[in-house]
Amino acid sequence: MFDLENISLKNKKAWSLIQSGNTCGVFQLESELGKQWAKTIRPSNINELSALLALIRPACLESGMTSQYSRIKNGKEPPFKFGDEDVDRILNPTNGVLIYQEQLMKFGGEIAWKHFEHLDRLVIVDKLRKGIGKKNAKLISDLKQKFIDGCVHNGRTVDFSEKLFDIIEKAGRYAFNDAHAKKYALWSYRTAYAKANFPLEFYCTYLTYSRLRQKPKEEIRNLVNEARMLSIKIDAPSLKNLTEEFQISEDKKSIHFGLSHIKQVSHNDLKVLNDNQEMLSSLGDFFKLHFDKVGFDKRIRSACVESLIKSGSCDFFGLSRSSMLEGFSVLRGLTPRECIYVCDKMSSCNLKEIKNLIKDCAKNFSSEQRRSMLISEAESIDVSRKDSRNKNLMLEKDLIGVEFSMIFDKGKRAKLTCKECYKFSKENRGHKGSVLVKISEVIPLVTKRGQNAGSEMCQIIATDNSGSYRFACFPDNYKKFKNLIEENVDCVIEVDGTGNGWCVNSLNHV
């Protein structure tokens, strides 16, 4: 039996996943910050993962400790040496970078006050711990002279002692609890292990519990897009896969979309659909589940019918979504008796047929006054109505969180000599290239440091059939292309992948 608490801590798949930054759903590494630094620091054991989790907090990032640790870890600069055997021994596990509160406590217990009696030493080190843990600058400052005197007593110079205490005071703002970080790291690794070794089960579970997150639709979008980038198939919602929650397919090759995660589709609606699955073979029978004269709890609501159509769950009926919506809207204007007549007679399920059936219904059932009104309404139906690709994509994003409709055909990409996001991310690391994408979201930002501090820039979330990726547009190029960077537009983006991420070199609408 699989036991997540007794797994190997040397699983290559788990560490590769963490190092790749594909960490949606991985404890403590779900944020863009976590993903970025996981790719940069590339931890390969629990100690390094623990350091990563301790270092991706605001105070550490602002102090520069995160960048310093990354440079040392990746061999870009040598480990920091203080020049004292005891200090270097305490800092050695973290490459010379002071990260944990326990390291600061060791400075007190093993250097400054090691000559104290055991109990006295514990008391004064605990005071230092409280000062550090509670960020109490006064308590830390009050211990300064005692610390310096203790260091001098144990053979250090005053200058050395002051420098060491200065490190303690600065680190008091950001030092993290070592045991806490290790516990976090263990759970980060366990979730990464589950994701790397049981991807279908992992994504299915996390997608199901997305409803418990603060922004469920955003969670679904992030998970589905990442799954696409990893070649894990999430099926578009469909009444042919009548599953309330996300569910692994029988052939274990994909995950069926959970219909309860579509906006306006309730548990009772799905119960009615499951109890009447034989009525999902035709559009007319499906509509009857709303129009039939039965108890309210045995009907599907009109809002549910519309959401299922707009989300693409009814595409297998073979009609455009706009046609089905218009047909449903017309039927809602009929009496229950007229609706059942039309629904019973529907066979080919197109607007032209609905138009003719309404006319027949008017002749067979209606008074002269109502007959002329129905015929006039039938004549107003636009039988040539087709779907708008952009409208479908926007509705899918609103109702289910992610787009499933085909965004671009292969011919268009080939003509423009552009790659898919998935292929681009695999083949263009460290190079330049072009992608054909739809801009899903634009996130305005302001640079915080460097020569252009305070300048406008943005992040572009770009989507195609294979998934989505984030591209940074830095100030110089943002000025050039600001007017072209709009949500829900198709464009070719020339991307530079020579840095840690992807940045925009040029952008043009298509």
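This note comments on the predicted model shown above, moving from the whole chain to one pair of helices and then to a single serine.

1. On the overall fold, the chain contains 25 helices and eight strands. Its C-alpha atoms, taken along the principal axes, fill a box of roughly 110 × 50 × 40 Å. The radius of gyration is 31 Å, whereas a compact globule of 510 residues would have a value near 24 Å.

2. On the packing of α16 against α17, two packed helices are described by the angle between their axes and the distance between the axes. Here the axes of α16, which covers residues 283-291, and of α17 come within 9 Å and cross at roughly 155°. Because angles over 145 degrees count as roughly antiparallel, α16 is roughly antiparallel to α17. The crossing in which α16 passes α17 is right-handed.

3. On the residues behind that packing, α16 contributes F286, F287 and H290 to the contact, while α17 contributes S302, V305, L308 and I309. By class, the residues of this contact of α16 with α17 comprise five nonpolar and two polar ones, with no charged residue among them.

4. On the segment that follows α17, S320 lies in the loop between α17, residues 302-310, and α18, residues 321-332. The side chain of S320 is joined to the side chain of S323 by a polar contact of 2.6 Å. Once the neighbours within four places in sequence are left aside, S320 is in contact with R385, K386 and D387.

Note on methods. Residues are numbered from 1 along each chain as its sequence is written. This is a predicted model: local features need pLDDT of at least 70, side-chain atom pairs count only at pLDDT 80 or more; totals for chains, interfaces and linings use all residues. Side-chain values use heavy atoms; hydrogens and water are left out. Helices (H or I, at least four residues) and strands (E, at least two) are DSSP runs, numbered from the N terminus. A polar contact is a pair of N or O atoms within 3.5 Å; within protein, one must be able to donate a hydrogen and the other to accept it, and residues adjacent in sequence count only if both atoms are side-chain atoms. Contact means heavy atoms within 4.5 Å. Axes are lines fitted to C-alpha atoms, for helices over the stretch in contact, and angles run from 0 to 180 degrees between N-to-C directions. Angles under 35 degrees count as roughly parallel, over 145 as roughly antiparallel, 65 to 115 as roughly perpendicular and the rest as oblique. A crossing is left-handed if the near helix is turned anticlockwise from the far one by less than a right angle, and right-handed if clockwise. Ala, Val, Leu, Ile, Met, Phe, Trp, Tyr, Cys and Pro count as nonpolar, Asp, Glu, Lys and Arg as charged, and the others, Gly among them, as polar. The radius of gyration is taken over C-alpha atoms; the globule rule is 2.2 Å times the number of residues to the power 0.38.
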